[in-house]
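Visitor: Could you walk me through this one and tell me what stands behind each label?
Guide: Sure, have a look first.

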Amino acid sequence: MRKNPLHTKLCDQLGIEYPIIAFTHCKDVAAAVINAGGFAVLGQTQHAPDVIDQNISWLREKVGSKPFGIDLVFPASVPASGTIDELRALIPGEQFEFVEDMKKRHEIPPWRNEPEDWNLGWLNKETPQKQLEVVLENRVPVLASGLGNPDFVLKRAHEQGVLVWGLVGKPRQAKAEIEAGVDAVIAQGYDAAGHTGKIGTFSIVPQVVEIAKESGTPVIAAGGITTGRHLAASIALGAVGVWTGTVWLTSRESDVNMHIKEKLLAAKATDTEHSACVSGFTMRTLKSKWHEEWASPSAPPPAPAPYQILLFGDIKASAFDHDLKDFMTEAAGQGVDFVDQIKPARQIVMDMADEAFEVFDDIYGDEDEDE
Ligand SMILES: Cc1cc2nc3c(=O)[nH]c(=O)nc-3n(C[C@H](O)[C@H](O)[C@H](O)COP(=O)(O)O)c2cc1C
């Protein structure tokens, strides 16, 4: 008889039922996925260290002894330090003027309150190190690095019993992180929401699986995965699980703005764009007026990170404060085509697993026939 195809090595290692990992910024989504038998990694790059500390305690209260992860980023090409005001003063003139003119042309009012979320971890090198201290002190089960080789933290993390995962988009990065000794590598393709390289999911996953073969490092697939069919395909490609982001944004628990949820539910893969206009790094997000503006012939190239993040953060805050739907955007992957209902996060886990089982059954026929 065939074994349960969804019970992978990752399930044994983490003590989870389904090899489905939710990346989310929303604590309620994380708790729901973990309690449904999946795994969740809470994105914390946007928060100050004391808030991260509180969020970890909150999550522990909701999930008990079940494991979870925290995601941080370690961008290399940002200034060593600098406050938001200091960095805003350094925004290059050409891009600053372009956005000032855009505000006038579209009559975009200033935001009412200082945004809570300037995406702190992306602004300088100093902040992620402070965020990291809190994560290590808390001995979270998994630390994921969404950007940057986490080699510098491996020794300390392992001494604290913290597993370290690295997210990569290129074979070269996978090789370097595997050689450094990460506990799992997330191979993410161009289809993904957020910061991605140019290699598609169907190409990068098996390439990384091949690279990881010798060391036996588990490979997790990411990028455009929103259905059970994607989950089954990822396992067939050699991944021990899937790392997913977009599919949770429209879950019932998700705290994403309702206009964004509506846009996501209606969106097709072609409604997303891979562009540097949101953060200065190439990133897949929902198309918006902001994207149109930066694609116009009169637009300068986007400013490098972190200055483009600050320019976008300014407009994002105004868009949310004043309900400027056309300027609202969010990271979204090409799998958004399949996201067309608001469902509880638990149901998303169950539907994904059920669909994957059906796919395997359709391909191989009923288990009884093999006996
Ligand atoms: C709204 C949103 C915000 C994201 N923010 C981060 C982040 O802060 N750090 C990170 O490592 N990845 C971030 N990502 C990327 C996810 O970790 C994940 O790699 C990606 O969503 C996978 O592709 P998918 O959305 O097609 O499933 C974000 C994704 C989404 C949808």
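Visitor: What follows H10, and what is its phi like?
Guide: Gly238 follows H10, and its phi is positive, near 110°. This is a predicted model, where local features need pLDDT of at least 70, side-chain atom pairs count only at pLDDT 80 or more, and totals for chains, interfaces and linings use all residues. Residues are numbered from 1 along each chain as its sequence is written.

Visitor: What makes H10 a helix?
Guide: Helices are DSSP runs of H or I with at least four residues, strands are runs of E with at least two, and both are numbered from the N terminus. H10 takes in residues 228–236, so it qualifies as a helix.

Visitor: Which residues of H10 are called buried?
Guide: Gly228, His230, Leu231, Ala232, Ser234 and Ile235. Each is called buried because 20 or more other C-beta atoms, placed from the backbone, lie within 10 Å of its own (12 or fewer would be exposed, in between partly exposed).

Visitor: And what covers them?
Guide: The cover includes strand S1 (20–24), helix H9 (201–212), strand S8 (219–222), S9 and helix H14 (345–364).

Visitor: How do you know that S9 is covered on both faces?
Guide: Gly241 and Trp243 on one side are buried, and so are Val242 and Thr244 on the other.

Visitor: Why is S9 said to pair with S1 and with S8?
Guide: Two strands pair if DSSP finds at least two bridges between them. S1 and S9 have 3 bridges, and S8 and S9 have 3 bridges, so both count as pairs. Both pairings are parallel. Ala22 stands opposite Thr244 in S9, and Ala221 is opposite Val242.

Visitor: What about S3 and S4?
Guide: They run parallel, joined by 5 bridges, with Gly69 opposite Val142 in S4.

Visitor: What makes the sheet a barrel?
Guide: Its 8 strands close up in the order S1-S2-S3-S4-S5-S6-S8-S9, with parallel pairing. Neighbouring strands are turned by 25° against each other on average, direction ignored; the axes are lines fitted to C-alpha atoms, and angles run from 0 to 180 degrees between N-to-C directions.

Visitor: Which strands supply residues to the shell around the ligand?
Guide: S3 (69–73) and S9 (241–244) each supply at least two. Of the 25 residues around the ligand, Gly146, Ala193, Gly194, Gly245 and Gly333 come nearest; being near takes a C-beta atom, placed from the backbone, within 6 Å.

Conventions
Two residues are in contact if their C-beta atoms, placed from the backbone, lie within 7 Å.
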